[in-house]
Amino acid sequence: KALGYNKITFAYNSLKIAKANPLYKQKYEPKNDAVKVEIAVIIQSSKKEEVRALAIQASRSQIKPLALSMGGMFDRFVLEKTEVAGLVNAEIVQPKDHLHFRRSGIDQVSAKLAKENGKIFVASLAVLLGTRFNHSKVLGMIMQNKSFSKKYKFDYFLASFADDPYDMRGASDMKSLLVCFG
């Protein structure tokens, strides 16, 4: 609550680890003004049927299924034919831009599919702050994806993906950053 959030999502790489969370085990119900807690799993498989099966399994367990973006036809499959709630890190799928346009991971087709099927896209602040990627390029991709979300009216979130509570950013900082993106 001190950081200004009204809802927080704990995302895990494995369904087994997500189910081991004490908040999942005790079926946490927030009090009146308490922070709502949600458990999510990030499916990191590139096999379509495995993603579909894990998404169904997670949904049945009241765990929000998210998939790691793999680009192109895989992302379209996930957006159209699975129970996955959304895609994570679409910005970093394509290492190089095309000569005449930026490859930001979201195109018109995937934006329309996200809107029609109620899916979300999630950008990672950890990727933006990490040293592995060109910061200005990732910022440009996030800005482009944010403008796509406004144009096609689908939800686009910026998440900290912090490994440590001290790496978390305040809600107002995250909102300000998204406003700067457009």
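Helices (H or I, at least four residues) and strands (E, at least two) are DSSP runs, numbered from the N terminus. With that in hand, here are the close-ups. You're looking at a predicted model, where local features need pLDDT of at least 70, side-chain atom pairs count only at pLDDT 80 or more, and totals for chains, interfaces and linings use all residues. Residues are numbered from 1 along each chain as its sequence is written, and side-chain values use heavy atoms, with hydrogens and water left out.

**View 1. Gly86, a buried glycine in strand β4.**
Gly86 is found in strand β4. Why does Gly86 count as buried? Because its relative accessibility is 1%, and buried means under 20% relative accessible area, with exposed over 50% and partly exposed in between (1.4 Å probe, protein chains only). Leave out residues up to four places away in sequence, and Gly86 touches Pro65, Leu66, Ala67 and Ile120; contact here means heavy atoms within 4.5 Å. Now look for Lys64: it sits 22 residues from Gly86 along the chain, and the two C-alpha atoms are separated by 9.1 Å.

**View 2. Strands β1, β2 and β3, paired in the parallel sense.**
Two strands pair if DSSP finds at least two bridges between them. Strand β1 (residues 7-12) pairs with strand β2 (residues 36-43) over 6 bridges, in the parallel sense. To spot one of them, find Ile8, whose bridge partner in β2 is Val37. β2 also pairs with strand β3 (residues 64-68), again in the parallel sense, this time over 4 bridges. Here you can pick out Ile43, whose bridge partner in β3 is Ala67. While you trace the strands, keep in mind that in a regular strand the side chains alternate between the two faces of the sheet.

**View 3. Asp75, a buried acidic residue without a salt bridge.**
Asp75 is found in helix α4, which covers residues 72-81. What is the nearest side chain of opposite charge to Asp75? That's Arg76, 8.1 Å away, and Asp75 has no salt bridge although it is buried. For the charges, Lys and Arg count as positive and Asp and Glu as negative, while His and the chain ends are not counted. A salt bridge is a side-chain nitrogen of Lys or Arg within 4 Å of a carboxyl oxygen of Asp or Glu. The side chain of Asp75 does reach the backbone nitrogen of Met70, at 3.0 Å. Setting aside neighbours within four places in sequence, Asp75 is in contact with Ser69, Met70, Leu87 and Gly105.

**View 4. The buried residues of helix α4 and what they pack against.**
Asp75 has company: the buried residues of α4 are Phe74, Asp75, Phe77, Val78 and Leu79. Together, these buried residues pack against α3 (48-60), β3, β4 (86-88), α5 (108-117) and β5 (120-124).

**View 5. Glu91, a buried loop residue with polar contacts.**
Find Glu91 in the loop between β4 and α5. Glu91 counts as buried because its relative accessible area is 4%. Which side chains make polar contacts with the side chain of Glu91? One is Asn145, at 3.2 Å, and another is Tyr156, at 2.4 Å. A polar contact is a pair of N or O atoms within 3.5 Å; within protein, one must be able to donate a hydrogen and the other to accept it, and residues adjacent in sequence count only if both atoms are side-chain atoms. Neighbours within four places in sequence aside, the contacts of Glu91 include Ser104, Val122, Ala123, Met141 and Ile142.

**View 6. Lys150 and Lys153, two exposed lysines.**
Lys150 is found in helix α7 (residues 135-152), and counts as exposed because its relative accessibility is 54%. The C-alpha atoms of Lys150 and Gly182 are 8.7 Å apart, with these positions 32 residues apart along the chain. Lys153 lies in the loop between α7 and β6 (155-159), and is exposed because its relative accessible area is 60%. Lys153 has a positive phi of about 60°, although it is not a glycine. Most residues other than glycine have a negative phi, and most peptide bonds are trans.

**View 7. Phe161, a loop residue with a positive phi.**
Phe161 is placed in the loop between β6 and α8 (171-181). Phi of Phe161 is near 50°, a positive value in a residue other than glycine. Is Phe161 buried or partly exposed? Phe161 is partly exposed, because its relative accessible area is 26%.
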